[in-house]
Amino acid sequence: MNTNLNSQAEAWRQDIHDELTNNILAYWMNHTIDHTHGGFVGAIDDHNQIVPGADKSLVLNARILWTFSTAYRLLMNEAYLRLAERAYHYLIQHFMDAEHGGLYWMVDAQGAPASTQKVVYGQAFTIYAMSEYYRAAGKQEALDHAIHLYELLETRSYDKDYGGYFETHTRDWQPNNVSDLSNNTLNEKKSMNTHLHVLEAYTNLYRVWPSEQLRQSQSELIKITIEHIVDNESGHFKLFFDERWNSLSGHISYGHDIEGSWLLVEAAEVLGDPVLIANAKTAAIHMAKSVLLEGIDADGGILNEADATGIIDSNKDWWPQAEAVVGFYNAYEMTGDTRYLDAARASWAFADHYMIDHKDGEWYWSVTREGIPTTGKGKVNAWKCPYHNSRACFEMLERLERTLAHAASE
């Protein structure tokens, strides 16, 4: 790396560090603690006002645990550890089902079960968070919970006939065709999104519990992703499937494509299988190239969705912008192609200019194609969590530090 690029990398690293610590983490520490009922509030509106009586989602609370566990592990600030501990204890006390195992999908504002479904997406994020808490704090109980959840998914959700995992179950883990996952799902047997996040959960668990059983599960999941979920012609993820992996939707989600590209490589690298690594990198570069050519607007932002007719959602949600920074930088690291480096920088510049609320904190849910913040979703809700944007910062801090260290050694 030449001197100019080295200087740019250092300035970028400092900018990301400041955004992470002074905005994202600070916002969640200062605005989201529920001092009345424990844990964290379920929703904050567009004007930074707590929404009274809002339910609290498993996804939100697991992602808070993951975020502050990672923050403590990387930055060693005791205040971050205290927030992680708060999230961990709330999950154990209010979401965990002592009778049937697993965690509820939703609790009410007071912490009583509001939706007792066992949604695999939520279980996966709990594995992700519990294993990260163990990495950060060394709490054996958290690792034991993560392992138990993994075993539950393998015995109750795994499809022994065609591979992969069914989406959702009743409280006692019976098949359930009606999911509370999202209003946007097709309630089909399997989805890209659930498998992507099982993949990242198993990756993190394997880091601290490299069992042979988990290795086999993860190896199969990587192969399923490459063979069934990635469209090898277009370089996009297919989104919904029946149990036999027949695709049931032609929609394209650019944010998931670029996010999945780097998570797939990470999964293979943590597993350490050279063949899987090579195949994952080939798929990831194809995916990143497709987003680079089709999904970037003139201002550097990532558009939400398309189908065969073209763009069908031209808004730009917060999380694809965050994932694009990492995904494009990952493609640059693999290929040395500076188009990806430029795209990563453009994604960060777009987020800084349009997505980050420099006045009231955190990131907007989305902006229109004209760059105007949308309203109605708020700063915090069941899905608006400190996970995508903080993770982009964590990832880029580590990646840029490696880049700078490599440059210094040359």
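The exercises below, each with a worked solution, deal with a predicted model.

Residues are numbered from 1 along each chain as its sequence is written. Because the model is predicted, local features need pLDDT of at least 70, side-chain atom pairs count only at pLDDT 80 or more, and totals for chains, interfaces and linings use all residues, while side-chain values use heavy atoms, with hydrogens and water left out.

**Exercise 1. A sheet and its hairpin**

Task: Find the order of the strands in the sheet that holds S8, S9 and S10, and state which strands stand at its edges.

Solution. Start with the terms. Helices (H or I, at least four residues) and strands (E, at least two) are DSSP runs, numbered from the N terminus. Two strands pair if DSSP finds at least two bridges between them.

Step 1. S8 and S9 are joined by 2 bridges and run antiparallel. Ser-253 has Glu-305 in S9 as its bridge partner.

Step 2. Strand S9 (residues 305-307) is joined to strand S10 (residues 310-313) by 3 bridges, and these two also run antiparallel. Here Glu-305 stands opposite Asp-313 in S10. S9 and S10 form a hairpin, with 2 residues between them.

Step 3. The order is therefore S8-S9-S10, in an open sheet of 3 strands with antiparallel pairing. The edge strands are S8 (252-253) and S10, each of which pairs on one side only.

**Exercise 2. Three salt bridges**

Task: For the salt bridges of Arg-171, Arg-207 and Arg-391, name the partner and decide whether each residue is buried or exposed.

Solution. A salt bridge is a side-chain nitrogen of Lys or Arg within 4 Å of a carboxyl oxygen of Asp or Glu. Buried means under 20% relative accessible area, exposed over 50%, and partly exposed in between (1.4 Å probe, protein chains only). The structure holds 24 salt bridges.

Step 1. Arg-171 pairs with Asp-97, and their closest N and O atoms are 2.8 Å apart. Arg-171 lies in the loop between strand S5 (168-169) and strand S6 (190-191), and Asp-97 in the loop between helix H3 (78-95) and S2, 74 residues apart. Arg-171 has 29% relative accessibility, so it counts as partly exposed. Asp-97 has 3%, so it counts as buried. Both residues belong to a network of salt bridges with Glu-99 and Lys-118.

Step 2. Arg-207 pairs with Glu-266 at 3.0 Å between the closest N and O atoms. Arg-207 is in helix H6 and Glu-266 in helix H8 (residues 254-271), 59 residues apart. With a relative accessible area of 34%, Arg-207 is partly exposed; with 13%, Glu-266 is buried.

Step 3. Arg-391 meets Glu-323 in a salt bridge of 2.8 Å, N to O. Glu-323 lies in helix H10 and Arg-391 in helix H12, so the pair ties together parts that are 68 residues apart in sequence. Glu-323 is buried, with a relative accessible area of 1%. Arg-391 counts as buried too, at 1% relative accessibility.

**Exercise 3. Aromatic pairs**

Task: Classify the ring pairs Phe-125 with Tyr-387 and Phe-328 with Tyr-340.

Solution. Rings of Phe, Tyr and Trp (its six-membered ring) pair if their centres lie within 6.5 Å; planes under 30 degrees apart count as stacked, over 60 as edge-to-face and the rest as tilted. There are 23 aromatic pairs in the structure.

Step 1. Phe-125 and Tyr-387 have ring centres 5.1 Å apart and planes at 90°, so the pair is edge-to-face. Phe-125 is in helix H4 (residues 120-137), and Tyr-387 is in the loop between strand S12 (366-367) and helix H12 (388-409), 262 residues apart. Both residues are buried.

Step 2. Phe-328 and Tyr-340 are 6.5 Å apart, centre to centre, with 20° between the planes, and the pair is stacked. Phe-328 lies in helix H10 (residues 318-335) and Tyr-340 in helix H11, so the pair ties together parts that are 12 residues apart in sequence. Phe-328 and Tyr-340 are buried.

Step 3. Phe-125 and Tyr-387 also belong to a cluster linked by ring pairs, whose members include Trp-66, Trp-105 and Phe-394.
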